[in-house]
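Me: I've got a new model open and I'd like to learn how to read it. Could you walk me through it, one feature at a time?

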Amino acid sequence: MAVVTVEEALQLWDEALQTQVYKVETIDVQAAKGYVLAQDIIAPTDVPAFSKSAMDGYAVAYEAGRKEYIVDGIIGAGVVWENPVESGHAVRIMTGAAIPHTCDTVIMQEQVVGIGEPHTTITIQGGYHCGDHIIPQGEECVAGTIVIPQGTEITSTVQTILTGLGITEISVNAMPRVLVLTSGHEVIEPGESLTPGKIYNSNRAMICGLLEDLGFHKITHYHVSDAPEELDSEINHVLKLSEAADVIISSGGVSVGLFDTMPLIYEKLGAKSIYARIQMRPGAASYGAVTPKGQIIFGLSGNPGAAFNGWHLIVAPTLRRYKGLTNWTTPVVACVMDTEIFKRNAFDRYVQGKVIFGGGAPRFVANRHFNSSSMLGLYTVNALACIPRGIHEVHPGDTFDVYLLGLLPAV
Ligand SMILES: Nc1nc2c(c(=O)[nH]1)N[C@H]1C(S)=C(S)[C@@H](COP(=O)(O)OP(=O)(O)OC[C@H]3O[C@@H](n4cnc5c(N)ncnc54)[C@H](O)[C@@H]3O)O[C@H]1N2
Ligand code: MOO
């Protein structure tokens, strides 16, 4: 059974995915949130495409010392003034309107005395400079520049930029289809009544929700009861569902319990394990494999706190890589601890907590409970602090590596 560290597991996934072939599809920009760009985005025009006014005011051809101009006309955004603006003349211009081609300066209307109507004279108060209040054509980039590289996730900001460039369709990596399996005879669905010994299927909510947070939306789920009499039919059902899945993520049943059926299911899928346990707490019960069809499998612990760690430390970065994101690793920063922790650590311990920013430097505050089975504190977690094995005491002021999960702004 291959037992590896978190770093080794990520390295193994990186190697396993080296030969991954991405299917590419064309998609409407409006529907592309969560996908990953399979093409560089190239600016079709200069940005901005024309020189424009940054202010409501008067466009002029700068003449040092001139204080009076005759207004020729008025233009708003979207209107182009075609005629030459002669020396001593001005065009009243609104923010965003194209600068008339003979003008090089905009004087803000607050600096001007006059009614601003055509054929009247305006008087300028105070100084002004050649080039004032003009956003030059191509200020941000010239046509042909790569503005967003391949391998970038399409967020609402990326959609905004694509729309601003007039791009309506793009090439993306096909969205992976994910099968989420939960397991256990004790696990019941929300809405069912709670009887002794049973627990609700919070891991399905967690895994499906975290998948959605990562932009995955082709998600199917199924529950395996682990009941011996159901085993054959449940395995057959999983095999059928797996035909339409690129990624399989399971919760529970990966430990050494009598009714842990996940290994059997992976075996039926022909999965080749790349690790079967991680040297960490919580979250040691974590499995990674690849099937002969190239499907990737993540087995997470049934324990919510352990599954949470396995997800954030291994599954999430690997799925970001699998989607084709260039930046897929989780940022790690050295952070000062704010909490005292006494715990024997035979393995690296990843403590759930939050990085807080009040009072100057960031500090890490550990959750009250950060065991394998802990669940209630997870909603505040935005970071995992790594306490290396062999360190059994943490004191406020000590510094440890902290994995930033990018979940919530901490308070
Ligand atoms: N003899 C040993 N026992 C255990 C070991 C070990 O090394 N030797 N490891 C322990 C650790 S650490 C963990 S973590 C768990 C991992 O167990 P599994 O991943 O096989 O998960 P289960 O046994 O199925 O369940 C564990 C726990 O989680 C609850 N659970 C299961 N599914 C869900 C769900 N969908 N939603 C919410 N909670 C769920 C389940 O009821 C159990 O309480 O093994 C230890 N044992
Ligand atoms: O193996 Mo458990 O997953 O450490 O918490």
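Me: Which strands does helix H6 lie across?

Reply: In this predicted model, H6, residues 304-323, lies across E18 and E23. To read its direction, compare it with a strand underneath: H6 runs at about 165° to E23.

Me: Which other helix lies across E18, and at what angle does it run to E14?

Reply: Look at H3, residues 202-213. It lies across E14 (177-183), E17 and E18. The angle to E14 is about 165°.

Me: How many strands form the sheet, and in what order?

Reply: When you read a sheet, go from strand to strand by pairing, not by number. Here 6 strands form an open sheet, and the order is E17-E14-E18-E23-E22-E19, with mixed pairing. E17 and E19 (272-275) are the edge strands, each pairing on one side only. From one strand to the next, the twist averages 20°.

Me: How do E18 and E23 run, parallel or antiparallel?

Reply: They run parallel, and 5 bridges join E18, residues 247-251, to E23, residues 296-300. If you want one pair to click on, take Ile248, whose bridge partner in E23 is Ile297.

Me: Which peptide bonds are cis?

Reply: For this you check omega. The bond joining Val47 and Pro48 is cis, with omega about -10°. Pro48 sits in the loop between strand E3 (41-42) and strand E4 (52-53). You'll also find a cis peptide bond from Arg281 to Pro282, where omega is near -20°. Pro282 is in a loop too, between E21 (280-281) and E22 (287-290).

Me: Which residues have a positive phi although they are not glycines?

Reply: Try His133, with phi of about 60°, and Asp226, with phi of about 70°. Then ask where they sit. His133 lies in the loop between strand E10 (121-124) and strand E11 (134-135), while Asp226 lies in the loop between E17 (218-224) and helix H4 (231-242).

Me: Why is His133 called buried?

Reply: You count neighbours, and 20 or more other C-beta atoms within 10 Å makes a residue buried. His133 has 21 of them within 10 Å, so it counts as buried. Asp226 is buried as well, because 21 other C-beta atoms lie within 10 Å.

Me: How is the protein divided into domains?

Reply: A domain can be made of separate stretches of chain, so read the ranges carefully. Domain 1 covers 3-23 + 175-323, domain 2 covers 37-47 + 139-173, domain 3 is 52-135 and domain 4 is 332-404.

Me: What separates the centres of domain 1 and domain 4, and how many residues does the contact take from each?

Reply: Their centres, taken over C-alpha atoms, are 26 Å apart. The contact takes 17 residues from domain 1 and 14 residues from domain 4. On the domain 1 side, E21 and H6 each supply at least two residues. H6 gives the most there, with 7 residues. By class, that side has 7 nonpolar, 9 polar and 1 charged residues.

Me: Which residues are around ligand 2?

Reply: Start at the ligand and list its neighbours. Around ligand 2 you'll find Arg281, Pro282, Gly283, Ala284, Ala285, Ser301, Asn303, Ala306 and Ser372. Notice that Arg281 and Pro282 are back again: the bond from Arg281 to Pro282 is the cis one with omega near -20°. By class, the shell around ligand 2 divides into 4 nonpolar, 4 polar and 1 charged.

Technical notes
Residues are numbered from 1 along each chain as its sequence is written. Chains are lettered from A and ligands numbered from 1 in the order in which they are written. This is a predicted model: local features need pLDDT of at least 70, side-chain atom pairs count only at pLDDT 80 or more; totals for chains, interfaces and linings use all residues. Helices (H or I, at least four residues) and strands (E, at least two) are DSSP runs, numbered from the N terminus. A residue is buried if 20 or more other C-beta atoms lie within 10 Å of its own, exposed if 12 or fewer, and partly exposed in between; C-beta atoms are placed from the backbone. Two strands pair if DSSP finds at least two bridges between them. Axes are lines fitted to C-alpha atoms, for helices over the stretch in contact, and angles run from 0 to 180 degrees between N-to-C directions. Two residues are in contact if their C-beta atoms, placed from the backbone, lie within 7 Å. Domain bounds come from an automatic or database domain assignment. Ala, Val, Leu, Ile, Met, Phe, Trp, Tyr, Cys and Pro count as nonpolar, Asp, Glu, Lys and Arg as charged, and the others, Gly among them, as polar. A residue is near a molecule or strand if its C-beta atom, placed from the backbone, lies within 6 Å of it.
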